[in-house]
Amino acid sequence: MFEHMTEQEAKKQILDMVGAYCDQYHQKKPYQEGERIPYASRVYDREEMTNLVDSALEFWLTAGRYTDEFESEFAKYLKVKYCSLVNSGSSANLLAFMALTSPLLKERQVRPGDEIITVAAGFPTTVTPMVQYGAVPVFVDVTIPQYNIDVTRLEAALSEKTKGVMLAHTLGNPFDLKAVKQFCDDHNLWLIEDNCDALGSTYTLDGKTCLTGTVGDIGTSSFYPPHHMTMGEGGAVYTNDPLLHKIIRSLRDWGRDCMCPPGRDNLCGHRFDRQYGELPVGYDHKYVYSHFGYNLKATDMQAAVGCAQIKKFPSFVVRRKENFARLKEGLLDLQDSFILPEPCENSDPCWFGFLITCKEGCDRNKVVRYAEEQGVQTRMLFSGNLTKHPCFDQMRREGRGYRIAGDLTVTDQIMTDTFWIGVYPGMTDAMIDRMIRVLKEAVK
């Protein structure tokens, strides 16, 4: 079939066929009334699929040229200096936290027993790295209808062991970055922004509009299929701090001291002429380990999909905002039954979902069951109250491993009364209007 073609000609023919295949068999059909409406779904076309196959044909498999391209373009979009692609948003959070445990940070190093302020109303992987390392998460209550940390409780959560704050921007709604950043600056604390559900959200701080994830010391993103853009699996860690970037890269790549990418050797020119730790002089720098690290790199095939997605991403942001606004307008007359979400002051959220808290007399379980029966997919606000979950059973019994600052009254309210529905960019006006009708029926 390819005997009279060059390799590039053969590749072009294959990719043209892949594009045609995608157009023919992956074209999304128009929504039909009564079809199930998922809370999230992938939005893609032939470009993602041809990039994916192009990468597969190269058969490099691990991080390569598409990874370099994505890291560069994503950093450019965020306006940050450094970006590291990883295999998931959970891995991104792991790297972000573990970077703070590096001995290279000297007196600011987070050690076992040190405390990190966070919230219990969120996704567990914001907290998991702290627990696994032996740091102590300190849980602070949140507010409704913003669903983010109650910043009036930050000072009460502080102790002599506090080393940082690690928080997610809940479902795209930025937390009060002005107050949290000021608190961290006042007490010389690290700030990690879990931006996995908020890519594209902005916050105006001191007259400057910034993308969330770029205000703190480190930001993280997730590219799991429901998120703002996707690689199937994937994540990113980003920072403007060169030392933190060096630590993140080391931890991502097995803990190596060497910064050479896969397949390239001796970029520094000192591979065999230096002495590290108690190793002999001249020990191969590619096998010197400055951290207890992991292999959390993404594949180039994942990055190839991301390179196509990032081109579409600005349009995704616009559509998410439009869908949110249409939903809110349609549900305004249900405010006797529902608390509708509100953006944080000084922010412009790129919403991941539309949060609803049922008021007294409105049974969340009945509303959710009815919506699901009518084909509208719903989700809880993740863990509700993480400290109530089985993973905390042993720590709860033994009274160790975490601390609650004050009470978690609002967090518990979210656990019992809150749910959310989707606003992903593939949703049409007809789908939004159908969700509005179903929720009105559910209340009645």
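**Group meeting: pockets, cavities and a few residues**

Glu 115 first. Leaving aside residues up to four places away in sequence, Glu 115 touches Val 136, Val 138, Ala 157, Ser 159, Lys 161, Thr 162, Lys 163, Gly 164 and Arg 403. Keep in mind that this is a predicted model.

Where does Glu 115 lie? In strand β2, which covers residues 115-119. Buried or exposed? Glu 115 is buried, because its relative accessible area is 8%, under the 20% cut-off. One of the contacts just listed is Ser 159. There, side chain meets side chain: Glu 115 and Ser 159 make a polar contact at 2.8 Å.

Strand β2 comes up again with the pockets. The largest pocket holds about 550 Å³ of space. Its lining has 36 residues, and the closest to the pocket centre are Phe 123, Thr 125, Asp 197, His 227 and Phe 382. Which elements supply at least two residues each to that lining? They include β2, along with α4 (89-99) and β4 (162-168). By class, the lining of the largest pocket splits into 18 nonpolar, 14 polar and four charged residues.

Now the second largest pocket. The volume here is about 460 Å³. Its lining has 21 residues, and Gln 27, Lys 28, Lys 29, Ser 41 and Arg 42 are the closest to the centre. What is the class split? Eight nonpolar, five polar and eight charged residues line the second largest pocket.

On to enclosed space. A word on the approach: rolling a probe the size of a water molecule over the atoms shows where empty space is left. How many cavities of 30 Å³ or more does the structure hold? Three.

The largest cavity has a volume of about 60 Å³. It is lined by 14 residues. Nearest the centre of the largest cavity are Ser 41, Val 43, Pro 225, His 227 and His 228. Two of those names are repeats. His 227 was listed by the centre of the largest pocket, and Ser 41 by the centre of the second largest pocket. The lining of the largest cavity divides into seven nonpolar, five polar and two charged residues.

The second largest cavity comes to about 40 Å³. Which residues line it? Leu 104, Lys 246, Ile 247, Ser 250, Arg 256, Asp 257, Met 259, Ser 290 and His 291. The class split for that lining is three nonpolar, three polar and three charged.

Next, cysteines. The disulfide count is zero. Why does Cys 22 have no bond? Its closest cysteine sulfur, in Cys 307, is 17 Å away, and that is too far. The cut-off is 2.5 Å between sulfur atoms. Cys 307 has a closer candidate of its own, in Cys 83. That sulfur is 11 Å away, so it is too far for a bond as well. Cys 22 counts as buried, at 3% relative accessibility. Cys 307 is also buried, with a value of 3%.

Last, the start of the chain. Phe 2 sits in the segment before α1, which covers 7-25. At 33% relative accessibility, Phe 2 counts as partly exposed. What does Phe 2 touch, not counting residues up to four places away in sequence? Ala 10, Gln 13 and Ile 14. Take Gln 13. Eleven residues separate Phe 2 from Gln 13 along the chain, and their C-alpha atoms are 9.4 Å apart.

That is the tour. Questions are welcome.

Technical notes:
Residues are numbered from 1 along each chain as its sequence is written. This is a predicted model: local features need pLDDT of at least 70, side-chain atom pairs count only at pLDDT 80 or more; totals for chains, interfaces and linings use all residues. Side-chain values use heavy atoms; hydrogens and water are left out. On a 1 Å grid over the protein atoms alone, a cavity is a set of points where a 1.4 Å probe fits but cannot get out, and a pocket is an open set with protein on both sides within 12 Å along at least five of seven lines; lining residues have an atom within 4 Å of a point. Grid points are joined across faces, edges and corners, and a volume is the space filled by probe spheres set on the points. Ala, Val, Leu, Ile, Met, Phe, Trp, Tyr, Cys and Pro count as nonpolar, Asp, Glu, Lys and Arg as charged, and the others, Gly among them, as polar. Buried means under 20% relative accessible area, exposed over 50%, partly exposed in between (1.4 Å probe, protein chains only). Helices (H or I, at least four residues) and strands (E, at least two) are DSSP runs, numbered from the N terminus. A polar contact is a pair of N or O atoms within 3.5 Å; within protein, one must be able to donate a hydrogen and the other to accept it, and residues adjacent in sequence count only if both atoms are side-chain atoms. Contact means heavy atoms within 4.5 Å.
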